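Biologist: I should like a close look at a single part of this model. Please take one residue as the starting point and then describe the element that holds it and the surroundings of that element.

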Amino acid sequence: MNVTALTSSVSSILAGTANSAAPQVSFSDALNSAVNQVENSQATAQSTAMDLLANGTGDVHNVALAAQRAELSMELFQQVRNKFVQAYQEIMKMPM
């Protein structure tokens, strides 16, 4: 999971500015990419744990690291989602 790419995408979206040299990414593409990264980290954690439990291959340390990465990526995604929902609610409260 590439956390740096995710955080740079999120920070550029939140800042509302994009680097002119960087390719423009739509909001839906950025959101789909973030969801895919979270799903991939969860699948990696699950497969690592299953390899250790079923096959006896791997290391407990790697399983713990993969599980922690999956948890942190989910928490990051939830916090970003909460900020977008909060911003939407503030916009909807504005008088026209």
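**Alanine 66 and its helix**

Modeller: In this predicted model, alanine 66 touches Ser41, Ala45 and Thr48, leaving aside residues up to four places away in sequence. One of these partners, alanine 45, lies 21 residues apart from alanine 66 along the chain, yet the two C-alpha atoms are separated by 4.7 Å. Alanine 66 has a relative accessible area of 8%; because buried means under 20%, alanine 66 counts as buried.

Alanine 66 belongs to helix 3. This helix has 34 residues and spans 49 Å from its first C-alpha to its last, close to the 50 Å expected at 1.5 Å a residue. Its buried residues are Val63, Ala66, Ala70, Ser73 and Val80. An α-helix has 3.6 residues a turn, so residues three or four places apart point the same way.

The next matter is how helix 3 packs. Two packed helices are described by the angle between their axes and the distance between the axes. The axes of helix 2 (residues 27-55) and helix 3 (residues 60-93) come within 8 Å and cross at roughly 155 degrees. Because angles over 145 degrees count as roughly antiparallel, helix 2 is roughly antiparallel to helix 3. The crossing of helix 2 past helix 3 is left-handed. Helix 2 contributes residues including Ser41, Ala45 and Thr48 to the contact, and helix 3 contributes residues including Val63, Ala66, Ala70 and Ser73. By class, this contact of helix 2 with helix 3 comprises 16 nonpolar, five polar and no charged residues.

Notes
Residues numbered from 1 in each chain as written. Predicted model: local features only at pLDDT ≥ 70, side-chain atom pairs only at ≥ 80, totals over all residues. Heavy atoms only, no water. Axes fitted to C-alpha atoms, helices over the stretch in contact; angles between N-to-C directions. Helix = DSSP H or I, 4+ residues; strand = E, 2+ residues; numbered from the N terminus. Parallel < 35°, antiparallel > 145°, perpendicular 65-115°, else oblique. Left-handed = near helix turned anticlockwise from the far one by under 90°. Contact = heavy atoms within 4.5 Å. Nonpolar A, V, L, I, M, F, W, Y, C, P; charged D, E, K, R; others polar. Expected span 1.5 Å × (residues − 1). Buried < 20%, exposed > 50% of the residue type's maximum accessible area, 1.4 Å probe, protein only.
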